[in-house]
Amino acid sequence: MNTGSLLAADLVIAVLAAAGWLGGGAASAARRRPLALGLAGLALLATLARAITITALARAGWWFAAEKVVIAAPLSLAGVVVAGTRLLRVPGDIRSVAVPMLFAGYAGSGALLVTLLHGYPASAGVGLLAVAGIVAATAVSWRILSPRPSRTLSRAATVVAVAALVAGTGLLVPGATPAAPHDHRYQDASTVGEPTRRFTLTAGTATVRVSGRDVAAWAFNGQVPGPELTATVGDVLAVTLRNRDIARGVTLHWHGYDVPNSQDGVPGVTQAAVLPGQEFVYRFRAGQAGTYWYHTHAVSDVGVRKGLYGALVVRPAPVTGVDVTVPVHTLAGEPLPAPRVEPVEAGEPVRLRLINTDSTTHRYALAGTPFRVAAIDGYELRGPTPLVDTAVLIPAGGRYDLVFTAPATPVALFVDGRAVYSTGPMSAATDGWPVLDPLGYGVGSPAPWSRFDRKFTLVLDRGLDLRGLLPRYAHTVNGATDPDIPPHAVRLGDIVRFTIVNRSMVVHPWHLHGHHVLVLSHNRQPATGSPLWLDSFDVRPGDVWEVAFRADNPGMWANHCHNLAHTGMTLHLMYS
Amino acid sequence: MRKAFVVVSTLLLVAFVLQFVFAAVGAFTKPAGEGTYVLHSVTGTVVIPVLTLLTVLFAALAKAPGRLIGLAFLPLGLVVLQALIAMLANASTDAAGVSTPFGLAIAGLHALNGIIAVHVVVAVLQAARKLAHPAPAGVTEVTVPQRGLA
């Protein structure tokens with residue numbers, strides 16, 4: 001069982017335990033003896049099972065179990081002790097065990113709410129609030145259920161509940177929030193020489209035709225995707241961005257292209273959003289070959305989804321053979337690009353540049369030929385071996401380059417089962433194909449670093465965010481949401497290691513701006529294949545990724561989840 | 001206070017009815033996107049829990065019997081369970097994010113739990129009305145027997 005399933009199973013068992021105690025308490029209050037005892041048995045069993053799941057989670061990583069060990073375990077134990085000792089001496093009137101069982105139920109529910117609403121890191125304040133709630137609920141039940149509650153006990157309960165409430169709230173009231181790293185003195189464009197490739201992208205609302213349907217979109221130059229920008233290594237690009245009528249502003253972010261900070265296109269961090277009627281010129285040298293893409297980073301959630309994106313391809317030399325870019329997107333529910341059939345002469349080398357511009361993972365399967373994965377996220381792999389009948393999963397924002405020599409028979413690329421590109425009529429069932437694990441693909445080489453100057457951990461979770469008008473069940477990093485997540489400070493030249501942990505039940509495609517990270521390990525399995533330099537990788541529920549990079553690109557960089565709807569999961573990497 | 005108890009539990013029932021409406025709105029919104037179920041999730045995570053707590057509060061203030069207070073509390077537990085079921089169903093996909101039969105089976109529980117919760121609220125409302133208008137002596141009242149907490 002993987003850690004993600006373990007997290008889900010633990011949650012289900014916790015619900016069963018709490019429901020068992022609460023139901024048992026209610027049944028005994030209604031004097032339904034067999035039912036009450038049966039539910040108590042269920043609750044005890046579930047609590048026991050939970051000891052196993054919590055231990056297993058703690059072994060998988062402390063992050064997964066912290067609040068369960070520190071808060072849920074003592075509370076559950078107290079519940080079992082109180083209810084259990086009363087149950088061992090079952091009195092004539094089953095009603096007298098109602099309050100102890102309800103207490104155990106409140107304790108279990110309180111612990112469950114701590115996991116669901118607060119999560120990681122466990123804090124004394126939250127634990128105290130849970131205690132306050134449990135004591136208050138127990139006291140109220142007691143008053144209702146027993147004809148004459150003891151006065152001293154009532155008073156003691158009130159004192160404990162109020163003290164826990166006050167202390168818990170006191171501990172939780174946030175101190176000074178870290179200074180938001182939004183520096184409004186944007187740096188000037190670096191001098192990179194005279195442009196050799198000039199492009200103009202005009203953002204505007206447009207109606208585009210997708211799968212025979214007119215769709216209201218936001219588009220660059222009236223088309224979705226925007227024009228494919230191509231360059232050869234050594235070119236200097238000058239891209240003029242104009243905004244015709246996107247009221248919320250646009251920018252250009254070069255996804256995976258490690259440009260100087262001032263050209264990174266993050267509104268409020270590296271530049272101001274380009275408003276209607278304004279323009280901004282991006283200039284950078286194309287120093288690295290590979291498959292990349294560009295997209296707006298202003299209200300990126302809406303903007304990218306509605307069509308403000310396009311491919312950026314930098315080639316080491318002029319094109320030889322067949323070179324096809326396949327940017328996959330979902331526009332207004334319709335899949336892009338439209339299927340394309342193009343005969344290719346046998347023996348011709350083909351390179352398919354697969355891009356996932358959506359917010360969720362896609363599955364790509366190339367049928368009809370052996371192929372190699374030549375590059376991931378723009379970086380060439382070392383010694384890729386031929387693959388047959390193998391699918392690849394590309395995370396949101398990620399790119400894979402597949403290469404093969406065209407056979408005499410047709411070849412087809414399927415994305416989630418839909419043929420997107422083919423060299424002739426072909427059908428294939430690709431659903432059952434195994435998925436490539438890039439960590440063991442290609443030829444390994446020793447890690448370039450053995451020690452790290454900075455180590456940071458990012459724990460991804462969900463939690464209650466009370467800063468807005470309405471409480472939000474937000475996606476969090478280390479228990480906070482943007483702009484309250486403290487930035488990570490590094491110095492130029494530092495070797496930095498990130499450990500990224502997902503406690504939530506949602507996939508988070510992680511994306512650091514301005515740098516490619518080298519994968520060290522995934523779920524404790526060291527990367528043994530070709531060095532993987534990624535800019536986008538899926539952190540699945542229960543996953544632990546260890547990645548590292550050299551801090552060699554000064555500035556203020558966004559470090560965020562590329563499921564763009566998870567807007568709160570943004571923090572910054574800051575050079576000091 | 002007994003009148004207030006009736007009013008709040010009526011509001012809770014209305015919120016539940018709207019919740020079913022919003023579920024249908026989400027299911028039939030085209031194209032489906034992140035915001036498809038926003039009304040449903042706001043009602044489920046904010047409106048219904050708040051109204052449930054108010055119902056419990058007014059039940060206590062109206063000096064309702066403990067059994068009824070407990071019954072008024074039950075929807076809160078069921079709503080938390082409801083959110084959990086939704087979360088688990090959404091999480092039970094394959095690596096490419098496609099629903100699995102297991103996930104859909106869990107999703108089915110979301111509907112069943114919703115039906116149970118609405119029945120509990122109806123029972124609370126009936127009991128609240130009975131509390132506000134006690135049957136005059138001599139009149140035999142015919143009501144469906146309540147199952148209570150079991």
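What follows is a chat about a predicted model with chains A and B.

Q: Okay, starting simple: which domains does the assignment give for chain A?
A: The domain assignment splits chain A into domain 1 (3–172), domain 2 (189–317), domain 3 (319–436) and domain 4 (454–575).

Q: Take domains 3 and 4 of chain A. How many residues are in contact there?
A: On the domain 3 side there are 14 residues, and they touch 17 residues of domain 4 of chain A. The C-alpha centres of these two domains of chain A are 28 Å apart.

Q: And what kinds of residues does domain 3 of chain A bring to that contact?
A: The side of domain 3 that touches domain 4 has 6 nonpolar, 6 polar and 2 charged residues.

Q: Let's go to the helices. What's α2 of chain A like, and how long should it be?
A: Helix α2(A) covers residues 33–60, which is 28 residues. At 1.5 Å a residue the helix should span 40 Å, and its end C-alpha atoms are 41 Å apart, so the two agree.

Q: Which residues of α2(A) are buried?
A: Quite a list: A36(A), L39(A), A40(A), A43(A), A46(A), T47(A), R50(A), T53(A), I54(A), L57(A) and A60(A).

Q: Why might spacings of three or four places matter in a helix?
A: An α-helix has 3.6 residues a turn, so residues three or four places apart point the same way.

Q: What covers those buried residues of α2(A)?
A: The cover includes α1 (3–29), α3 and α4 of chain A.

Q: And what comes right after α2(A)?
A: That's G61(A), and its phi is positive, near 155°.

Q: You mentioned α3 and α4 of chain A. Are they roughly parallel or antiparallel to each other?
A: Helices α3(A) (residues 62–88) and α4(A) (residues 98–118) pack at an angle of about 170°, with axes 8 Å apart. Angles over 145 degrees count as roughly antiparallel, and α3(A) and α4(A) are therefore roughly antiparallel.

Q: Which residues make that contact?
A: Among them are I71(A), L75(A), G79(A) and R86(A) from α3(A), and M101(A), F103(A), G108(A) and V114(A) from α4(A). By type, the contact of α3(A) with α4(A) has 14 nonpolar, 5 polar and 3 charged residues.

Q: Switching to chain B, how many of its residues are in contact with chain A?
A: Chain B puts in 22 residues, which are in contact with 28 residues of chain A. Both α2 (38–61) and α3 (66–91) of chain B supply at least two residues of that side.

Q: Which part of chain B gives the largest share?
A: That's α3(B), with 10 residues. Overall, the side of chain B that touches chain A divides into 13 nonpolar, 6 polar and 3 charged residues.

Terms used. Residues numbered from 1 in each chain as written. Chains lettered and ligands numbered in written order. Predicted model: local features only at pLDDT ≥ 70, side-chain atom pairs only at ≥ 80, totals over all residues. Contact = placed C-beta atoms within 7 Å. Helix = DSSP H or I, 4+ residues; strand = E, 2+ residues; numbered from the N terminus. Nonpolar A, V, L, I, M, F, W, Y, C, P; charged D, E, K, R; others polar. Domains from an automatic or database assignment. Axes fitted to C-alpha atoms, helices over the stretch in contact; angles between N-to-C directions. Parallel < 35°, antiparallel > 145°, perpendicular 65-115°, else oblique. Expected span 1.5 Å × (residues − 1). Buried ≥ 20, exposed ≤ 12 C-beta atoms within 10 Å, placed from the backbone.
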